[in-house]
Amino acid sequence: MQIFLDTANIENIKQAASLGIISGVTTNPSLLAKEKTSDYETVTKKICKIIDGPVSVEVLSEDAEGMIKEARIKAAWAPNVNIKIPITADGLRATSVLSKEKIKVNMTLCFSANQALLGALAGAAYVSIFVGRLDDTGQDGMQVVEDTLTILDNYPDLDTEVIAASIRHPLHCTNAALTGVHIATVPYSVLMQMIQHPMTDVGIKKFLADWKSVSK
Ligand code: E4P
């Protein structure tokens, strides 16, 4: 499973990139708002300088024509920009056009395996299943990821990759990896939690104390 970082925070992206384990970045309008900026172009260009892999940038238009126009402009910001498009009828129309132009689309806000299947049929490079938000409504978000993977496995011609998104805690990542999902996009705080274990810290202290006791 690849790990993408789900943030628009440049410092966090730099820190995470230095670990050598991040394959891409996903952003959305709320994540930009969190950084108190509406300059999507500057932020995207900064991210694309740090990360070689796919960087998802969301469209703000709601109609297919507007989405297509916006996508073409945003895709030109950097070679690794992918376009995030919500899974609506207009989103599907736009994705069908853009995928034929070889613009990679990440169909976002997927809450069902059917939506993800339609995204794949439209030629999306990625479909993002919002696991945490599904869990919040009392549904099993990871089951939707699993169902989507099973469906896509049945049709090898569909080469869409599935992203487990709206990840809230390390257990979501473990469970995502257990499904065999291609990618999990995780907030920086969750990535930091994934690294840590109290017994690792205790173990390091003990090793160093033992070493000190015999070294002069
Ligand atoms: C996915 O690409 C989205 O940016 C993200 O995972 C949304 O997660 P949230 O539910 O924490 O906003």
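Among contacts in the chain between residues at least 6 apart in sequence, what percentage join residues at least 24 apart? The figure is 55%. Keep that in mind as we go through the fold. One caution before we start: this is a predicted model.

Some overall numbers. The chain has 216 residues, and 48% of them count as buried. Its C-alpha atoms fill a box of roughly 70 × 40 × 30 Å along the principal axes. There are 11 helices and eight strands.

Let's begin with strand β8, residues 183–186. Side chains in a regular strand alternate between the two faces of the sheet. Here is how that looks in β8. Ile183 and Thr185 point one way. Ala184 and Val186 point the other way. All of these β8 residues are buried.

Now the neighbours of β8. Strand β1, residues 2–6, runs parallel to β8 and is joined to it by four bridges. Within that pairing, Phe4 has Thr185 as its bridge partner. Strand β7, residues 161–165, also pairs with β8 in the parallel sense, over two bridges. There, Ile163 is partnered with Ile183. How does the chain get from β7 to β8? Helix α9, residues 170–179, completes a right-handed β-α-β unit with the two strands.

Next, helix α4, residues 64–75. Does its length fit its residue count, or what span should we expect? At 1.5 Å a residue, 12 residues should span 16 Å, and the end C-alpha atoms are 16 Å apart, so the two agree. Several α4 residues are buried, including Ala64, Met67, Ile68 and Ala71. Glu70 and Lys74 are also on the buried list. What covers them? The cover includes helices α3 and α5, along with strands β3 and β4.

On to the aromatic rings. The count comes to three aromatic pairs. One of them is Tyr40 with Trp77, a tilted pair, 6.2 Å centre to centre with 55° between the planes. Tyr40 sits in helix α3 and Trp77 in the loop between α4 and β4, so this pair ties together parts 37 residues apart in sequence. Tyr40 counts as buried, because its relative accessibility is 8%. Trp77 is buried too, with a relative accessible area of 15%.

Another pair is Phe111 with Phe130: the ring centres are 5.6 Å apart and the planes are at 55°, so this pair is tilted. Phe111 lies in the loop between β5 and α6, and Phe130 in strand β6, so the pair ties together parts 19 residues apart in sequence. Is Phe111 buried or exposed? At 29% relative accessibility, Phe111 counts as partly exposed. Phe130, at 7%, counts as buried.

Last, the nonpolar cores. In soluble globular proteins, nonpolar side chains tend to be buried together. In this chain, the largest nonpolar core has 61 residues. Which residues have the most contacts inside that core? They are Leu5, Ile85, Val145 and Val186. We met Val186 earlier, in β8. Take Val145: leaving out residues up to four places away in sequence, Val145 touches Ile129, Val131, Val162, Ala164, Thr179 and Val181. Apart from the largest core lies another, of five residues. Among them are Phe4, Ala125, Tyr126 and Ile183.

To close, back to β8. Val186 belongs to the largest core, while Ile183 belongs to the five-residue one. Those two residues point opposite ways from the strand.

Definitions and conventions. Residues numbered from 1 in each chain as written. Predicted model: local features only at pLDDT ≥ 70, side-chain atom pairs only at ≥ 80, totals over all residues. Heavy atoms only, no water. Buried < 20%, exposed > 50% of the residue type's maximum accessible area, 1.4 Å probe, protein only. Pairing = 2+ DSSP bridges. Right-handed = clockwise from strand over helix to strand, strands pointing away. Expected span 1.5 Å × (residues − 1). Contact = heavy atoms within 4.5 Å. Phe/Tyr/Trp six-rings, centres within 6.5 Å; stacked < 30°, edge-to-face > 60°. Core = buried A, V, L, I, M, F, W, Y, C linked by side-chain atoms within 4.5 Å.
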